[in-house]
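Me: I would like a close look at a single part of this protein. Please take the sheet, strand by strand, along with whatever packs on it.

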Amino acid sequence: MATIQECRAALDRLSDNLAGADGGVRGAAALDRSLSCHITDLDVTFAGRLEGGRIRVDALTPGPPRAKAEIRLAMSGDDLLALVDGELKFAKAWASGRVRLEAGFRDLLRLKSLL
């Protein structure tokens with residue numbers, strides 16, 4: 001089982017990957033939205049913002065998200081690590097229910113290039 005520190009490092013790597021991306025991925029990541037990532041097996045939530053093509057984590061809280069972020073993710077810590085390491089494809093994980101993504105319709109359309 002992944003640790004909180006490993007999950008935080010994975011979010012930092014994801015942020016670096018988004019910042020270094022080009023084309024449509026960079027455009028999709030250029031949203032300015034509140035973001036939460038609930039790690040279900042650890043029952044903690046990383047909260048912050050997606051802005052300027054980077055993920056900024058502002059808080060780590062126990063339990064599910066306390067506030068409704070504009071973009072909400074939920075998954076196990078191991079799935080987060082596998083996604084960031086390229087071992088798990090987001091579309092497959094989302095379709096199978098291993099990863100939950102909730103956002104407004106327009107945001108989902110923009111984020112689809114990240115999937």
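Reply: Here is a walk through the sheet and its neighbours. Keep in mind that the model is predicted.

Start with the chain as a whole. The protein chain has five helices and five strands. Read from the N terminus, the elements go α-α-β-β-β-β-α-α-β-α. Of the 115 residues, 42% count as buried.

Now the sheet. Five strands build an open sheet, and their order across it is β3-β2-β1-β4-β5. The pairing is mixed. At the edges stand β3 (54–62) and β5 (100–103). Each has a single partner strand, so one side of each lacks a neighbour in the sheet. From one strand to the next, the twist averages 20 degrees.

Go next to β1, residues 33–39. This strand is mostly covered, with six of its seven residues buried. One partner of β1 is β2. These two strands run antiparallel and are joined by seven bridges. Four residues lie between the strands of this hairpin. There, Asp 43 takes a positive phi near 50 degrees. β1 also pairs with β4, this time in the parallel sense, over five bridges.

Ser 36 lets you see both pairings. In β2, its bridge partner is Ala 47. In β4, Ser 36 stands opposite Arg 72.

Move on to β4, residues 71–75. Four bridges join β4 to β5, and the two run antiparallel. Look for Ile 71, which stands opposite Ala 103 in β5.

What packs on these strands? Two helices are worth finding. Helix α3 (residues 77–84) touches β1 and β4. The direction of α3 makes about 110 degrees with that of β4. Helix α1 lies across β1, β2 (44–51) and β3. With β3, α1 makes an angle of about 160 degrees.

Stay with α1 for a moment. This helix covers residues 4–20, which is 17 residues. From first C-alpha to last, α1 reaches 24 Å, close to the 24 Å expected at 1.5 Å a residue. Its buried residues are Cys 7, Ala 10, Leu 11, Ser 15 and Leu 18. They sit on the same side of α1, because they cover an arc of only 145 degrees around the axis. The face turned away from that buried side carries the exposed residues Gln 5 and Gly 20.

One residue ties the helix to the strands. Val 57 has its place in strand β3. Its relative accessibility is 16%, and buried means under 20%, so Val 57 counts as buried. Leaving out residues up to four places away in sequence, Val 57 touches Arg 8, Leu 11, Phe 46, Ala 47 and Gly 48. Two of these names have come up before. Leu 11 is one of the buried residues of α1. Ala 47 is the bridge partner of Ser 36.

Val 57 also shows how the chain folds back on itself in space. Val 57 and Asp 12 are 45 residues apart along the chain, but their C-alpha atoms are separated by 8.5 Å. For the whole protein chain, take the contacts between residues at least 6 apart in sequence. Of these, 59% join residues at least 24 apart.

Notes: Residues numbered from 1 in each chain as written. Predicted model: local features only at pLDDT ≥ 70, side-chain atom pairs only at ≥ 80, totals over all residues. Heavy atoms only, no water. Expected span 1.5 Å × (residues − 1). Buried < 20%, exposed > 50% of the residue type's maximum accessible area, 1.4 Å probe, protein only. Arc of directions from axis to C-beta. Pairing = 2+ DSSP bridges. Axes fitted to C-alpha atoms, helices over the stretch in contact; angles between N-to-C directions. Contact = heavy atoms within 4.5 Å.
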